[in-house]
Amino acid sequence: MSGTWKVSILCTRAEARTLAADNLFISSSDSTPTIVASEVDAKRPDEWMIDVYCEEMPDPEMVENLLQLSPSAEAAGFQPIVTQLGDEDWVTLSQQGLEPLRAGRFHVHTTSDQPSGNPKLTNICIDAGQAFGTGHHETTMGCLQSLDRLKKTGHRFRNITDVGTGTGLLAFAAHHLWRDAKIIASDIDPVAVTVTGENARQNAITLGNGRSQIRLVQSNGLDHPALRQRAPFDLIIANILAGPLVALAPQIAAASGAGTVLLLAGLLSRQKAEVVRAYIREGFRLKHSRLDNEWPCLTLVKAKNMAGPASPTARNHRWHRIISGNASAPHLMRSSVGTSPSRGPGSVSSTEHTHNQTTVASPACDRA
């Protein structure tokens with residue numbers, strides 16, 4: 001990559017996700033920027049930095065759009081910093097900052113590292129990219145370990161969804177744990193859907209609609225016909241932020257049946273009570289909670305006497321009532337500043353603080 005330029009801008013955690021997948025900031029040149037999102041200090045989880053690498057000098061429109069998408073930086077008087085770099089391959093160099101990690105039985109690595117030779121470990125290769133979710137953040141680590149725990153405690157799942165899949169990492173983990181399951185992974189961000197498809201092929205995972213396959217859909221929350229048709233799910237994974245988790249509670253409840261297990265992450269400790277209350281109102285009960293630094297990972301179960309309608313007609317009626325008309329769920333695209341293109345106000349494709357970049361190609365997927 002010759003003549004690389006970098007644009008750096010300080011932002012909040014929520015704004016980082018918005019910037020990372022928002023097509024508005026792409027310049028008018030033919031080159032596609034590479035995006036690196038990083039947490040400035042683990043002790044201050046809301047302080048993030050976005051670095052955008054371009055093959056050409058960024059035009060003023062791109063820089064202006066970046067600033068507009070980070071109102072916190074604008075309010076603080078922080079201007080984007082534009083730097084011309086050397087001739088090194090900055091994408092490869094930034095990948096080198098991602099060390100392989102172990103979470104439960106999973107060994108997560110990038111293409112820059114070798115898979116583990118331990119036969120007891122499951123290798124998953126995830127290159128950092130324009131979708132968040134390489135596994136290095138506490139929320140994703142917590143989800144991987146919680147999925148491993150569910151397997152160890154004898155849970156069996158045959159119908160799984162990963163809402164806001166990001167890079168597809170958690171859907172891939174579920175695929176390895178429950179090989180016969182039908183899995184559908186969704187994200188509102190088309191870039192995330194594309195990245196997940198590429199990552200699936202990298203990991204020799206078959207995309208499709210059958211058992212032992214993963215289907216990809218672009219969806220606003222669970223608002224996609226394929227998701228409604230597959231419901232009720234027996235395992236639902238949602239690694240997003242607290243606001244969207246609360247907003248999605250009615251949709252998730254409608255997609256659940258008696259005994260459905262729900263794995264929630266992406267929230268901070270101080271937000272746990274609000275999220276738990278939202279799901280208790282929908283008939284869930286908190287069964288397990290693990291905490292990594294300030295990031296809880298919650299396991300909830302739908303109470304048998306609070307299960308959703310059993311008949312397809314009744315269930316579809318409830319879905320219609322939730323996603324349309326007066327009882328419509330909030331649109332989760334970008335209803336306010338700081339919303340993620342994947343989840344809604346303050347939300348993300350997944351909560352990563354490590355470098356993220358990838359080459360984008362178009363997988364076979366469904367669009368809402």
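**Close-ups of strand β6 and helix α7**

**View 1. Strand β6 meets strand β7.** In this predicted model, four bridges join β6 to strand β7 (residues 122-125), and the two run parallel. Look for Val108 in β6: Ile124 of β7 stands opposite.

**View 2. The other partner of β6 is strand β5.** Here β5 (residues 101-103) pairs with β6 over three bridges, in the antiparallel sense. Arg102 sits opposite His107 of β6. The two strands make a hairpin with two residues between them. Gly104 is in that turn, and its phi is positive, at about 65°.

**View 3. Which way do the side chains of β6 point?** Strand β6 covers residues 106-109, with Phe106 and Val108 pointing one way and His107 and His109 the other. In a regular strand, side chains alternate between the two faces of the sheet. Buried or exposed? All of these β6 residues are buried, the two histidines included.

**View 4. Gly197 in helix α7.** Now switch to helix α7 (residues 190-202), where Gly197 is found. Gly197 counts as buried because its relative accessibility is 0%, and the cut-off for buried is under 20%. Leu216 is 19 residues away from Gly197 in sequence, yet their C-alpha atoms are 7.5 Å apart in space.

**View 5. Zooming back out to the whole chain.** The close-ups come from a chain of 368 residues, 56% of them buried. Its secondary structure comes to eleven helices and 17 strands. Take the contacts between residues at least 6 apart in sequence: 72% of them join residues at least 24 apart. About 14,800 Å² of the chain is exposed, with carbon and sulfur atoms supplying 49% of that area.

Methods: Residues are numbered from 1 along each chain as its sequence is written. This is a predicted model: local features need pLDDT of at least 70, side-chain atom pairs count only at pLDDT 80 or more; totals for chains, interfaces and linings use all residues. Side-chain values use heavy atoms; hydrogens and water are left out. Buried means under 20% relative accessible area, exposed over 50%, partly exposed in between (1.4 Å probe, protein chains only). Two strands pair if DSSP finds at least two bridges between them. Contact means heavy atoms within 4.5 Å. Accessible areas come from the Shrake-Rupley method with a 1.4 Å probe; for residues, only the protein chains shown count as cover.
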